[in-house]
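Work through the exercises below with the sequence and the model side by side. Each task is followed by a solution in steps.

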Amino acid sequence: MALTTSDTHDGTSTDKTNNTAHWSGVFAMSLCVFTLIASEFMPVSLLTPIANDLQITEGMAGQGIAISGAFAVLTSLLLPMLIGTMDRKKLMLILTILMGISGSIVALAPNYPAYMIGRALIGVVIGGFWSMSAAMAIRLVPSNKVPKALAIFNGGNALATVVAAPLGSYLGSIIGWRGAFLAIIPIALITLIWQWIALPSMKGKAREPGSGNILKALKSRAVAYGMAGCGAFFMGQFALFTYLRPFLETVTQTSVSTLSLLLLTIGFSGFIGTLIISSILKRTLYGLLIGIPVFMAAIALILIPAGSYIAPVVLLLAMWGLVATAAPVAWWTWLAKAMPHNAEAGGGLMVAVVQLSIALGSTIGGILFDADGYQSTFIASAAVLLISAFLTLQAYRMQTK
């Protein structure tokens, strides 16, 4: 069956590390993801105290998230050209150290420029880690276990998404926003020690001249369609998800406590999704990549007439979280299958595509939300998600020609 993942062999099978499953290293990487995502989105729940302390506006404080995204894109594009044959274990240790330094700089920032420098550093770590994630999974476990390893990586992402905002808010109320960022440092230190112990040495291979140019991957029509499908998926997802809170407050008219419970439900169902998706990926990859955006498009459209009723909204958003949070596992698995010989360059390209798509989706969704209300935003989200399914179907057809 062409839709299955079992008939594709990755090009790293000659690596010594590929014949042994380093599961402790995989879980160390998952903890790294948890710490990284918590660091990335910590300002979301702390904007007001950060702004008051640094004497800036909340909008300026929020730019700390934007700058981390910008540096993530820049790093993902440049990293494959810069690291050469560097031991990937050493690279991960350096990125983890930078994560701790970023938390320290932000926590101790005397002014706005220092705060932004700290946030730029976490962007470097985001771009570096996610660029390497598929390639690291290929190196850490046998090829048939790569989807499971990627699901474990993304489990750290899902868990951080569930707890980061409420934990940051709680810590901020107890020990202040600076204390909340300082709390990241011991977790980063534990991550560093675990990675140092658990990760095997992973020497990079010598590249052919020009192979560091990640845009060359787009010469393959299957890869180009796949990347476009991936970008459209994240654009459609975040066009809606970014404005979920004002929708719930104004349309569903939820209380603050109910809103928190709803967001927690989305996060928890997403965590469940990451636990079960690897078993489904053993049977079908493209079936998920095409089916998930179609399913999410249907949810987006059903939310329009059902938005005033709390019970169906809870059910719909739980299903949204279940598939949306797990979808990146499928996309990183696709990357490992589509570009097994150059997963690092492909990872850099995918990170750039995802980050830019999230920014574009959030911007377009916001413009529509302000101009015509939530209905236009949700319809646009559904349309882009359906485009994602179509582009991914084209990628499948190109691959099977």
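**Exercise 1. A loop residue**

Is Q55 buried or exposed?

Solution. Begin with the source. The model is predicted, so local features need pLDDT of at least 70 and side-chain atom pairs count only at pLDDT 80 or more, while totals for chains, interfaces and linings use all residues. Residues are numbered from 1 along each chain as its sequence is written, and side-chain values use heavy atoms, with hydrogens and water left out.

Step 1. Apply the classes: buried is under 20% relative accessible area, exposed is over 50%, and partly exposed is in between (1.4 Å probe, protein chains only). Q55 has a relative accessible area of 74%, so Q55 is exposed.

Step 2. Place the residue. Q55 sits in the loop between α2 and α3; helices (H or I, at least four residues) and strands (E, at least two) are DSSP runs, numbered from the N terminus.

Step 3. Check the backbone. The phi of Q55 is positive, about 60°, just after α2. Most residues other than glycine have a negative phi.

**Exercise 2. A second positive phi**

Where is Q253 found, and what is its phi?

Solution. Step 1. Q253 belongs to the loop between α9 (244-252) and α10 (256-281).

Step 2. Its phi is positive, about 55°, although Q253 is not a glycine.

Step 3. Q253 counts as exposed because its relative accessibility is 63%.

**Exercise 3. Helix α2 and its salt bridge**

Find the buried residues of helix α2, then find the residue that forms a salt bridge with D53.

Solution. Step 1. Helix α2 covers residues 47-54, and its buried residues are I50, A51 and L54. They lie on the same side of α2, because they cover an arc of only 95° around the axis; the arc is that of the directions from the helix axis to the C-beta atoms.

Step 2. Use the salt-bridge rule: a side-chain nitrogen of Lys or Arg within 4 Å of a carboxyl oxygen of Asp or Glu. The count by this rule is 1 salt bridge. The partner of D53 is R178, with the closest N and O atoms 3.0 Å apart. This pair links distant parts of the chain, R178 being in helix α6 and D53 in helix α2, 125 residues apart.

Step 3. Classify both ends. R178 is partly exposed, at 24% relative accessibility, and D53 is partly exposed as well, at 39%.

**Exercise 4. Two buried aromatic residues**

Which residues does F181 touch, and which does W334 touch?

Solution. Step 1. F181 lies in helix α6 (residues 146-182) and counts as buried because its relative accessibility is 2%.

Step 2. Contact means heavy atoms within 4.5 Å. Leaving aside residues up to four places away in sequence, F181 touches S39, M42, P43, L46, I50, G103, V106, A107 and R119. I50 is also one of the buried residues of helix α2.

Step 3. W334 lies in helix α13 (residues 327-338) and is buried, with a relative accessible area of 2%. With residues up to four places away again left aside, W334 touches A222, V223, G226, M227, L285, Y286, L289 and M350.

Step 4. Compare sequence with space. W334 and A134 are 200 residues apart along the chain, and their C-alpha atoms are separated by 9.4 Å.

**Exercise 5. Surface patch and cysteines**

Which residues make the nonpolar surface patch, and how many disulfides does a search find?

Solution. Step 1. Patches are made of residues with over 30% relative accessible area and no salt bridge; like charges are joined within 9 Å, nonpolar side chains (Val, Leu, Ile, Met, Phe, Trp, Tyr) within 5 Å. F71, L74, L78, M81 and L82 make a nonpolar patch of about 480 Å², with areas from the Shrake-Rupley method and a 1.4 Å probe; for residues, only the protein chains shown count as cover.

Step 2. F71 lies in helix α3 (residues 58-82) and counts as partly exposed because its relative accessibility is 32%.

Step 3. A disulfide is a pair of cysteine sulfur atoms within 2.5 Å. The search of the whole structure finds 0 disulfides. C32 is buried at 2% relative accessible area, and C230 is buried at 0%.

**Exercise 6. The whole chain**

How many helices and strands does the chain have?

Solution. Step 1. The chain has 15 helices and 0 strands.

Step 2. Of its 401 residues, 55% are buried.
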